[in-house]
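Please open the structure in your viewer and keep the sequence panel beside it. The tour below moves from single residues to the whole chain, with a selection to make at each stop.

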Amino acid sequence: RVTAAFFVSGRNAVSHPELIRRILGDGHAVGNHSCSHDPFLMLSPHRRLFREIAAAQDALKGFGIRPLAFRPPVGLTNPKLPSVLGALGMFCVTFSCRAFDRGNRRIEGMAGKILRRVRPGDIVLLHDVRPRGENGVARWLQEVESILDGLAAKDLQAVSLAELIGRPVMETSG
């Protein structure tokens, strides 16, 4: 019922092209999440930071898109990031509400955690990692459905990231 912005790493895009095509085919946006998703990326020198983001851009170019938005791994930024993103014609987007799900390793109660914290204008972070265990995906989908129902009950509406921030997350190249 909603469109999402998937911030994907270049490695995952190359490893799972069918998923990227499906995400785009279903009308979702794709943003840049670095090439390798190194959680310590923001401690890197300017040159490595540039290479990581540019490599993900190159990987995603093969799908006919150019992400404009970058979300750093673990949501951390540093003073070097604006100049790197500026050189690539990009901007940074992080998140303001999350369930602390440890990459979908803790999905039980995820909806309640989000719904207790969420406020109008929040960017909600969810992960696209396959949950472990029996019926993990079904349980995750149930939590997401509960989030959407809970937002409606709070008289809040899920909107696309582009609508929320007032600018496109990506461009298509033909």
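Begin by selecting Cys 92 in this predicted model, where the residue is partly exposed, with a relative accessible area of 33%. Now add Cys 35 to the selection, since the sulfur of Cys 35 is the closest cysteine sulfur to that of Cys 92, yet the two lie 18 Å apart, which is too far for a bond. A disulfide is a covalent bond between the sulfur atoms of two cysteines.

Next, select Cys 97, which is in no disulfide either, as its nearest cysteine sulfur, that of Cys 92, is 18 Å away. Is Cys 97 buried or exposed? With a relative accessibility of 1%, Cys 97 counts as buried. How many disulfides does the structure hold? The number is zero.

Now select the whole chain and switch to a cartoon view, in which you can look for seven helices and eight strands. The radius of gyration is 16 Å, close to the 16 Å that the globule rule gives for 174 residues, so the chain is as compact as a globular protein of that length. Along its principal axes, the C-alpha trace spans about 45 × 35 × 30 Å.

Turn next to a surface view, where the chain exposes about 9900 Å², of which carbon and sulfur atoms supply 53%, while buried residues make up 40% of the 174 residues.

Finally, colour the chain by charge, and you will have 24 positive and 16 negative charges to find, with the mean positions of the two groups 8 Å apart.

Notes
Residues are numbered from 1 along each chain as its sequence is written. This is a predicted model: local features need pLDDT of at least 70, side-chain atom pairs count only at pLDDT 80 or more; totals for chains, interfaces and linings use all residues. Side-chain values use heavy atoms; hydrogens and water are left out. Helices (H or I, at least four residues) and strands (E, at least two) are DSSP runs, numbered from the N terminus. The radius of gyration is taken over C-alpha atoms; the globule rule is 2.2 Å times the number of residues to the power 0.38. Buried means under 20% relative accessible area, exposed over 50%, partly exposed in between (1.4 Å probe, protein chains only). Accessible areas come from the Shrake-Rupley method with a 1.4 Å probe; for residues, only the protein chains shown count as cover. Lys and Arg count as positive and Asp and Glu as negative; His and the chain ends are not counted. The place of a charge is taken as NZ of Lys, CZ of Arg, CG of Asp or CD of Glu. A disulfide is a pair of cysteine sulfur atoms within 2.5 Å.
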